[in-house]
Amino acid sequence: MAKGKDVRVRVILECTSCARNGGNKESRGISRYITQKNRNNTPSRLELRKFCPYCYKHTTHGEIKK
C-alpha cells in the first residue's frame, strides 16, 4: 500500500542575508541547511536562526522551494 503524502518532508533552508546580497562580491556563497519538518504542525514556511559561515554570524534561514 502506498501512502498519499508523507507527513514529514525534507526542506532546504537558505540564508536570507546572503540571498539578498547575491550581487555582493564580498560574499563567497550562500549558506544552505537541509532539515525536516512536520507538514501537519507547520504548514507555513519554516524560518530558523542558524550560523552562516559566509556572514560569520547567526542569521535567519528561510525555507526555499526545491
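These notebook entries record what I looked up in the structure.

**Entry 1. Model and overall content**

I noted at the outset that the model is predicted. I counted one helix and four strands in the chain. Read from the N terminus, the elements follow the order β-α-β-β-β. Of the 66 residues of the chain, I found that 23% count as buried. For the accessible surface of the chain I recorded about 5400 Å², with 48% of this area belonging to carbon and sulfur atoms. I also looked up the contacts with a separation of 6 or more, and 51% of them join residues 24 or more positions apart.

**Entry 2. The sheet**

I asked in what order the four strands of the sheet lie. The sheet is open, its order is β2-β1-β4-β3, and the pairing is antiparallel. The edge strands, which each pair on one side only, are β2 (32-38) and β3 (47-52). From one strand to the next, the twist averages 45 degrees. I then examined the pairing of β1 (residues 8-15) with β2, which is antiparallel and extends over seven bridges. Within this part of the sheet, V11 has T35 of β2 as its bridge partner.

**Entry 3. H61**

I located H61 in strand β4, which spans residues 57-64. Is H61 buried or exposed? With a relative accessible area of 0%, H61 is buried, because the cut-off for that class is under 20%. I next looked for polar partners of the H61 side chain. It makes a polar contact with the side chain of S31 at 3.3 Å, and it reaches the backbone oxygen of T59 at 3.2 Å. Leaving aside neighbours within four places in sequence, I listed the residues in contact with H61, among them L13, E14, C15, Y33, L48 and F51. S31, the polar partner of H61, also appears in that contact list.

**Entry 4. Cysteines**

I searched the whole structure for disulfides and found zero. C15 is in no disulfide, and the nearest cysteine sulfur, that of C18, is 3.7 Å away. C15 is buried, with a relative accessible area of 0%. I then turned to C55 and asked why its sulfur is not bonded to that of C18. The closest cysteine sulfur to that of C55 is in C18, at 3.3 Å, which is too far for a bond because a disulfide requires the two sulfur atoms to be within 2.5 Å. C55 is partly exposed, with a relative accessible area of 24%.

**Entry 5. R39**

I found R39 in the loop between β2 and β3. Its relative accessibility is 34%, so R39 counts as partly exposed. Which residues does R39 contact, leaving aside its neighbours within four places in sequence? They are K5, D6, V7 and V9. A polar atom of the R39 side chain lies 3.5 Å from the backbone oxygen of D6. I also recorded the C-alpha separation of R39 and V9, which is 6.8 Å for two residues 30 residues apart along the chain.

**Entry 6. Y56**

I looked up the backbone of Y56, a residue in the loop between β3 and β4. Phi of Y56 is near 60 degrees, a positive value in a residue other than glycine. At 58% relative accessibility, Y56 counts as exposed, because the cut-off for that class is over 50%.

Technical notes: Residues are numbered from 1 along each chain as its sequence is written. This is a predicted model: local features need pLDDT of at least 70, side-chain atom pairs count only at pLDDT 80 or more; totals for chains, interfaces and linings use all residues. Side-chain values use heavy atoms; hydrogens and water are left out. Two strands pair if DSSP finds at least two bridges between them. Helices (H or I, at least four residues) and strands (E, at least two) are DSSP runs, numbered from the N terminus. Axes are lines fitted to C-alpha atoms, for helices over the stretch in contact, and angles run from 0 to 180 degrees between N-to-C directions. Buried means under 20% relative accessible area, exposed over 50%, partly exposed in between (1.4 Å probe, protein chains only). A polar contact is a pair of N or O atoms within 3.5 Å; within protein, one must be able to donate a hydrogen and the other to accept it, and residues adjacent in sequence count only if both atoms are side-chain atoms. Contact means heavy atoms within 4.5 Å. Accessible areas come from the Shrake-Rupley method with a 1.4 Å probe; for residues, only the protein chains shown count as cover.
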